[in-house]
Amino acid sequence: MSKDLLLALDALEEEKGIKTEVLVDAIETALTKAYQKNYDEAENVEVEFDRKKGNIKVYAVKKVVSDADDLVDPYDEVSLEDAQEINRAYEVGDEIRFEVTPSDFGRLAAQTAKQIIMQKVREAEREIVYTKFAEYENEVITGEVERQDNRYLYMILPGNQFAAMKPQDQMPNEMYRMGDKIKVLVSAVENNAKGPQVFVSRTHPDLVKRLFEAEVPEVYDGTVEIKSIAREAGDRAKVAVYSNNSNLDAVGTMVGQRGARVQAVVNELSGENMDIVEWTEDPAQFIINALSPAEVVDVIFDPTNDKVVTVLVPDYQLSLAIGKKGQNARLAARLTNFKIDIKPESERENVEAGMLHKETQQATAPTVDANTDAELPDLDEVEAALDSKFDEE
């Protein structure tokens, strides 16, 4: 067994990256517990694995006491006289190791070593998988649909790693069939008691970003920057982009010649429409861009809340600005991080009057000084002054 065990340890270190020292330490610890359990001996035992020959031996560790009459437990102690028969240098308080390897210990040792090795192999494989896919988190990877149940859609990723896709991560306009190869975003990698679990998504906004990085070199190298994405997966998305090169049109770069670049992303997402808009530091202009393709007449900021705006559009474009079931306005609000209220231009007077009223209320609203409480007179003093006033009257 010893030779085979050494060969197995060497192979595991080379193939799985499990250090021999780690395995040996684990085997020694496990065998110590196994000996104490199976042979009902004292607790003070050590198991030693010979890393050159592969032999396994058990030692009882005994403490030297002054006299045989002082022995309390012969399994734990040895008299000074007996100790000095082994070596004259021993003194009271020293510890001596005596080999107590049972004749049938080899079989137990082999079984325990096998269990430990298998356990460490499983742990190492889990750690390798977790480390590998943790590096892929927020990246796009191509997987193959394996099966689906009421909880998840299961996929096989490169390296035969299973991944799960939650219902909310599945595109509502897609039907998945066994064997389909699709691109997914690795949204999360968890390492739990059952092993590493990889979760993937087709609806995450970052999937759009990664697909554009793969399709548009200027996005990949940072010349064109994707500032924000608002998405209703499977239907429509808005992408705000900015060019770090003043000579390069960010929107045109994303769209590509004859729309080839954006169309490639649209095709990958099963026809999901893409609105590419220019990002700007001017919030009013950014909101105008975000509401594209609708025309915007004016953007009026709420004087009481700097994240709320009212947008005026031509009356005939009101439905276009709001979008089907409010989608255009909803996506624009997510993209810009503003609460957007869209009104027809014919209601300008009412809107401006409402804003003026809010501004007036804010200007005339009483303010409370933070130090007001500290400046209030003492209640006892007020009461005394009132009593004095009434007495005078």
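## Exercises on hairpins, sheets and helices

In the hairpin of β1 and β2, six residues lie between the strands, and G54 there has a positive phi near 85 degrees. Strands (E, at least two residues) and helices (H or I, at least four) are DSSP runs, numbered from the N terminus. The model is a predicted one: local features need pLDDT of at least 70 and side-chain atom pairs count only at pLDDT 80 or more, while totals for chains, interfaces and linings use all residues. Residue numbers start from 1 along each chain as its sequence is written, and side-chain values use heavy atoms, with hydrogens and water left out.

**Exercise 1.** Work out which side chains of β1 (residues 45-49) are buried and which are not.

*Solution.* Start with the cut-offs: buried is under 20% relative accessible area, exposed is over 50%, and partly exposed is in between (1.4 Å probe, protein chains only). Next, walk along the strand: V45, V47 and F49 point to one face and are buried. E46 and E48 point to the other face and are not buried. Then look sideways: five bridges join β1 to β2 (residues 56-65), and the two run antiparallel; strands pair if DSSP finds at least two bridges between them. Across that pairing, F49 stands opposite I56.

**Exercise 2.** Find the edge strands of the sheet β10-β11-β12, then say which helices pack on it.

*Solution.* First, the order: the three strands make an open sheet with mixed pairing. β10 (224-232) and β12 are at the edges; each has a single partner strand, so one side of each lacks a neighbour in the sheet. Neighbouring strands here are turned by 20 degrees against each other on average, direction ignored. Now zoom in on β10 and β11 (residues 236-243): eight bridges join them, and they run antiparallel. R231 stands opposite A237 in that pair. As for helices, α5 packs on the sheet and touches β10, β11 and β12, its direction making about 140 degrees with that of β10. Contact here means heavy atoms within 4.5 Å, and angles run from 0 to 180 degrees between N-to-C directions, with axes fitted to C-alpha atoms (for helices, over the stretch in contact). Helix α11 (residues 327-336) also lies across β10, β11 and β12, at about 135 degrees to β10.

**Exercise 3.** Explain why the buried residues of α8 (residues 260-268) end up on the same side of the helix.

*Solution.* Pick them out first: V262, V265 and V266 are buried. They cover an arc of only 100 degrees around the axis, which puts them on the same side of α8; the arc is that of the directions from the helix axis to the C-beta atoms. The general rule helps: an α-helix has 3.6 residues a turn, so residues three or four places apart point the same way. Finally, check the partners: α5 (205-215), α7 (250-255) and β12 (273-278) pack against these buried residues. Past the helix comes S270, with a positive phi near 55 degrees.

**Exercise 4.** Classify the ring pair Y152 and Y154.

*Solution.* Rings of Phe, Tyr and Trp (its six-membered ring) pair if their centres lie within 6.5 Å; planes under 30 degrees apart are stacked, over 60 edge-to-face, the rest tilted. That rule gives five aromatic pairs. In Y152 and Y154 the centres are 5.9 Å apart and the planes stand at 80 degrees, so the pair is edge-to-face. Both tyrosines, Y152 and Y154, are buried, and with F199 they form one aromatic cluster.
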